Amino acid sequence: MTDGHTDALAGAYALGACPPDEAQSVAEHARTCPTCAAEVAELARVAEWIGTAGEHRPAAGLRSRVLAAARAARPPTTEASRLGEVYGAQVAELDGLLAVLTEPQWLLPSGPHRSVRDLVVHLRGNDERVAAVSGVDPATGSGADPRRGWRRQADAIIEALDSPVLDEPVQLAGHAGVRRPVREAMVQRGFETWIHAEDVRVVLGLPPRVPSARQLADIVDFAAGLLPGAMAAAGRAHPGKAVHLVLTGPGAGTRQIALAPASAPAAVAAGITLPAERFCRLLAGRLTSAGAEIDGDRGVAVDFLTVAATMGCD
Amino acid sequence: MLGLPDQNDVRMRDGLIAGSEPILAEAYDTYGPLVYGMALHVTRDRGAAEDITQDVFVDLWRRPERYDPERSPLRSWLLLIARRRAIDCIRRRDARESARLAMVDPPPTLLEDDVLASTAHKRVRKAVADLPSTHRQAILLAYYRGLTYRQVAQALGIPEGTAKWRLRNALHRIGAQLRAEGFGDRLEYE
């Protein structure tokens with residue numbers, strides 16, 4: 001730069017009107033010169049104002065044309081295929097673990113169950129309700145080999161998922177009488193399958209495995225929808241109060257969860273921070289201590305975490 | 001400076017990567033007029049502007065991972081892509097013709113039915129219109145024709161140093177006028 005700065009190129013640069021080598025010099029200089037960086041940023045903003053001021057509504061027909069061309073270029077993922085994919089990944093994971101178990105290992109205690117065999121029978125039973133409302137043949141999961149029956153039924157559930165089925169109400173596992181649409185029950189099926197895969201990993205002496213960020217976020221959303229009712233059912237409701245949940249790591253996000261079923265907005269009484277993965281393990285009843293950072297009303301936070309820890313499917 | 005990444009942009013990118021068609025529709029509904037408006041200003045041709053708009057959103061849908069919310073807002077990124085594509089489009093047309101067109105005002109039939117022109121938009125357009133014509137021509141050639149400042153100098157028959165100075169000074173003038181009218185970092189919509 002001849003003047004030690006951008007050599008009066010800031011305007012041309014902001015408009016994308018520098019030859020490539022000069023544009024690179026300006027960018028490099030601006031990285032170490034706050035004065036020029038500020039000028040370039042301001043002029044780029046002005047250039048964007050000019051562009052934005054040219055906004056013009058396209059003809060109405062263009063929208064469907066664009067969406068059709070996009071669909072042809074890359075098929076969209078439907079909600080059913082996405083839910084099936086997330087669940088299917090955990091089914092494949094658990095099946096792979098079960099495949100390597102020895103006969104004696106099948107008889108070892110796993111999670112809260114007396115044996116791995118009991119765990120698989122229990123999981124197959126919990127999956128059965130979703131299979132039934134999805135129109136899966138009731139004989140699909142039967143048979144003497146629990147692994148094969150469970151897997152056949154799980155595959156049939158994925159196969160049967162489509163958008164009308166997602167709206168069907170079904171009784172969730174673990175919560176007597178709580179009915180939710182299949183779309184939520186599928187999140188719970190994936191959640192339970194993951195947790196049991198973790199139980200089996202303990203039997204095999206394998207380290208824990210973190211699910212996808214997307215699955216963790218789905219599980220948190222699922223639980224967040226149930227928690228206000230669960231607080232009341234557990235006799236620990238705090239009407240008018242909420243917790244601000246800050247989840248970190250994969251599946252990170254914040255949620256405000258009311259501590260009683262009510263339509264009125266609730267005021268935040270406590271803040272709770274912990275990794276999303278830990279929160280999901282807590283929900284499954286697999287943690288003895290949440291290890292969460294708590295701000296505000298400790299009693300409220302403890303009530304919340306205590307009820308959250310009962311949201312599993314065992 | 002605006003904080004990056006914008007959480008809404010992150011949400012949209014994640015949705016596009018996941019293949020969510022409703023998110024694509026939301027992106028089109030939010031930014032379609034911006035992309036189409038840019039393409040129309042550059043090409044002065046409705047058909048070409050529609051084709052460019054389609055290409056921009058189909059590309060966003062096919063390769064959403066190319067957009068990085070850490071580097072720029074989605075709005076700025078789409079505007080830049082639309083401008084580049086539109087400039088490529090006119091480069092394929094007669095360069096001399098497009099240079100001539102850049103210096104005349106847009107044909108009224110093309111732009112007058114602009115229902116989206118908010119007061120903020122009108123103020124920006126007025127700030128551009130209020131520039132001395134020498135400055136305005138330089139800006140329009142660079143921004144809407146994709147000319148480098150050297151090509152601007154050539155097209156206007158002025159020294160390169162003058163072209164550089166006009167581009168910089170023109171943006172400063174517009175910025176000062178709009179800041180004086182209370183513009184913040186984001187163009188306010190009404």
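Chain B comes out with an average pLDDT of 86, and 83% of its residues score at least 70. That's a confidence figure, since what you're looking at is a predicted model. Within chain B, the confidence depends on where you look: helix α3 (residues 46–62) has the highest mean pLDDT of its elements, at 97, while helix α6 (residues 108–111) has the lowest, at 48. For the complex, the predictor reports an ipTM of 0.86 and a pTM of 0.66.

So much for scores; on to the contact between the chains. Chain A puts in 39 residues and chain B 51 residues. On the chain A side, three helices each supply at least two residues: α1 (10–14), α3 (34–52) and α4 (61–73). The top contributor there is α3(A), with 11 residues. Sort the chain A side by residue type and you get 24 nonpolar, 6 polar and 9 charged.

Staying in chain A, have a look at helix α2 (residues 20–32), which is where A:E28 sits. A:E28 counts as exposed because it has just 11 C-beta neighbours inside 10 Å, and the cut-off for exposed is 12 or fewer. Its C-alpha lies 9.7 Å from that of A:T6, a residue 22 positions away in sequence.

Back in chain B, helix α9 (residues 149–156) has four buried residues to pick out: B:Y149, B:V152, B:A153 and B:A155. They span an arc of only 165 degrees around the axis, so they lie on the same side of α9(B). The background is helix geometry: with 3.6 residues a turn, residues three or four places apart point the same way. Just past the end of α9(B), B:G157 adopts a positive phi of about 65 degrees.

How values were computed: Residues are numbered from 1 along each chain as its sequence is written. Chains are lettered from A and ligands numbered from 1 in the order in which they are written. This is a predicted model: local features need pLDDT of at least 70, side-chain atom pairs count only at pLDDT 80 or more; totals for chains, interfaces and linings use all residues. A residue is buried if 20 or more other C-beta atoms lie within 10 Å of its own, exposed if 12 or fewer, and partly exposed in between; C-beta atoms are placed from the backbone. The arc is that of the directions from the helix axis to the C-beta atoms. pLDDT is the predictor's confidence in each residue, from 0 to 100. Two residues are in contact if their C-beta atoms, placed from the backbone, lie within 7 Å. Ala, Val, Leu, Ile, Met, Phe, Trp, Tyr, Cys and Pro count as nonpolar, Asp, Glu, Lys and Arg as charged, and the others, Gly among them, as polar.
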